[in-house]
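Hi everyone, thanks for letting me go today. I'll put the sequence and structure up, and then we'll walk through a few spots together.

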Amino acid sequence: MKIEVVSRESIRPSSPTPHHLNSYSLSLLDQLCPPLYVPLLLYYTNQAKLNGIDRNLDDEESSCRYRCDVLKKSLAETLTKYYPLAGRIEDDVSVECNDQGVDFIEARVVGKEVYQVIQLTDSVNIDVMEPFLPFEPYGEYGSTFGLGLDLVSKALLKIQVNVFDCGGIIICAYIFHRIADGTTFVNFIKDWAATARGGSCTLDGAKLKVAVMDEPRYELSSLFPPRALLGFNVNEMIETEKGILTKRFVFKALNIAQLKKKCIHDAKAAYVGSDYEGEEQEQQLPTRFEALTSLIWKCFMDVDHQSKARQQEDVAVLRQVQHYGASFSLNLRTRMNPPLPSNTFGNAVGLAMAQVSHNLDNNVEYAELVSKVKKAIEQIDYDHVRALQSADALSNIEKMKPKLEKGTVLLHFTSRCRFPIYEAADFGWGKPTWASLSKLPTKNLVMFMDTSSGDGVEAYVSLKNEDMVEFERHEELLAFVA
């Protein structure tokens, strides 16, 4: 497979950003997000003839050229509404909305078809995706490995459109997390695609008819005013180093259902013979997120504990208590009173955290982990959000953090499940055949995505190389992956 970069350019908003909007204020929630890029890859097989969008084009080359023109023109139109994305981070509290544009790379792929690339990723190895990315998410040796804005350019959005000889396309988009969360990212893709679908663009450059969509709402900085973060560690959940590997694990609906039942079975077994034996009837099946989080967290703890024993060449280490934490990124829009609309731009994200102690003699069960995950999420409520909005927000954050034991090992979870990615990303030639993530430039990170069928879950797990070797062959994990 050969990939040739055809062009590199900056796509600017089609209309200049008004002077009174030249500075966009970050919110406190934006400031607290890690400075890394978050990926989304959209795979389209040869569907150029769908919807009659190019019925008058004579060949595949003209068809692909047409679609790239549509993508660029509709992107420029969409950026007029999402104008901060075309700007540059100015300092810790604002974006200069100077219309410098987003990075847009067009590449030609020879030797493979899109469906073949998808087949290659059926295994857990996702390195095959790397050539389709607009930049190396780990950076060069000695760099920040995906953190910060010093990689290639300071653009807040980077896009690469990979055009295949077969007529298929892979669109890869990376957005800077400090300016947008997953909800905003998907809203942007949805608006971009709707603008492309509603267009009357032709090869001679006719203007697009912009689809009518809800305008992004820029109000988070007034609800969560930015703060001076001197001495406040915003990257404590993010650990970067060389030798990190990301792999993809697929959980089908049937296996998820079995995992949920196992969690309940473990809970009932724990009640037998106890004073609470009658309460097992009140047990409810965990959610997909709670069940999968518990499974991956448990396998991760086993792997980490075994790794420490090997490093110290001492089996007795397995009997020592090790403390583990799991953190979860949660959408705060639905946890406010009144709730914020989904088109609120920025990072409306809060962090929940659970912790547990683990050793060889006290093997933690799924029921306990599900309970801890559930309780941690329940604590991110209206009162929690109000504390983030107060004048004492930073001190409140410190007070709300669980008291982690010294040496606690953290594993972070985030999810794009239930996001309408497949429905949103129809640019006029049909929904994507598949949507995926790519390499994640931090260790001990798990991101969930829906499968293309919508009833399963893909877990992208990022660990140190040596930990991944043990993790991917953990018996309990293998019992539930596809």
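Let's start with one residue: is S74 buried or exposed? S74 is buried, because its relative accessibility is 0%, and anything under 20% gets that label. Before I go on, remember that this is a predicted model.

So where are we in the chain? S74 sits in helix α2, which covers residues 60-79. And what does the side chain of S74 have beside it? One of its polar atoms is 2.6 Å from the backbone oxygen of V70.

Okay, let's zoom out. The chain has 482 residues, and 55% of them are buried. You'll find 13 helices and 15 strands along it. Now take the contacts between residues at least 6 apart in sequence: 79% of those join residues at least 24 apart. As for the outside, the accessible surface is about 21200 Å², with 49% of that belonging to carbon and sulfur atoms.

Next up, helix α7, residues 288-312. From first C-alpha to last, α7 reaches 36 Å with its 25 residues, close to the 36 Å you'd expect at 1.5 Å a residue. How much of α7 is buried? The count is 20 of its 25 residues, so the rest of the structure largely encloses this helix. Right after α7 comes E313, and its phi is positive, near 50 degrees.

Now a sheet. Strands pair through backbone hydrogen bonds, and the pairing can be parallel or antiparallel. Here we've got an open sheet of three strands, in the order β2-β5-β4, with antiparallel pairing. Which strands stand at the edges? Those are β2 (23-25) and β4 (88-89); each has a single partner strand, so one side of each has no neighbour in the sheet. Looking at β2 and β5 (residues 94-96), the two pair over three bridges, antiparallel again. If you want a spot to click on, S23 is opposite E96 of β5.

Last thing, how confident is the prediction? The mean pLDDT for the chain is 84, and 81% of the residues get to 70 or more. Residues 200-208 are below 50, though, and this stretch has 21 contacts in the model beyond near neighbours in sequence. Residues 271-281 also stay under 50, with seven contacts beyond four places in sequence. Where pLDDT is low, don't read the predicted coordinates in detail.

That's it from me, happy to take questions!

Notes:
Residues numbered from 1 in each chain as written. Predicted model: local features only at pLDDT ≥ 70, side-chain atom pairs only at ≥ 80, totals over all residues. Heavy atoms only, no water. Helix = DSSP H or I, 4+ residues; strand = E, 2+ residues; numbered from the N terminus. Expected span 1.5 Å × (residues − 1). Buried < 20%, exposed > 50% of the residue type's maximum accessible area, 1.4 Å probe, protein only. Polar contact = N/O pair within 3.5 Å; in protein donor to acceptor, adjacent residues only side chain to side chain. Contact = heavy atoms within 4.5 Å. Areas by Shrake-Rupley, 256 points an atom, 1.4 Å probe, with all protein chains shown as cover. pLDDT = per-residue confidence, 0-100. Pairing = 2+ DSSP bridges.
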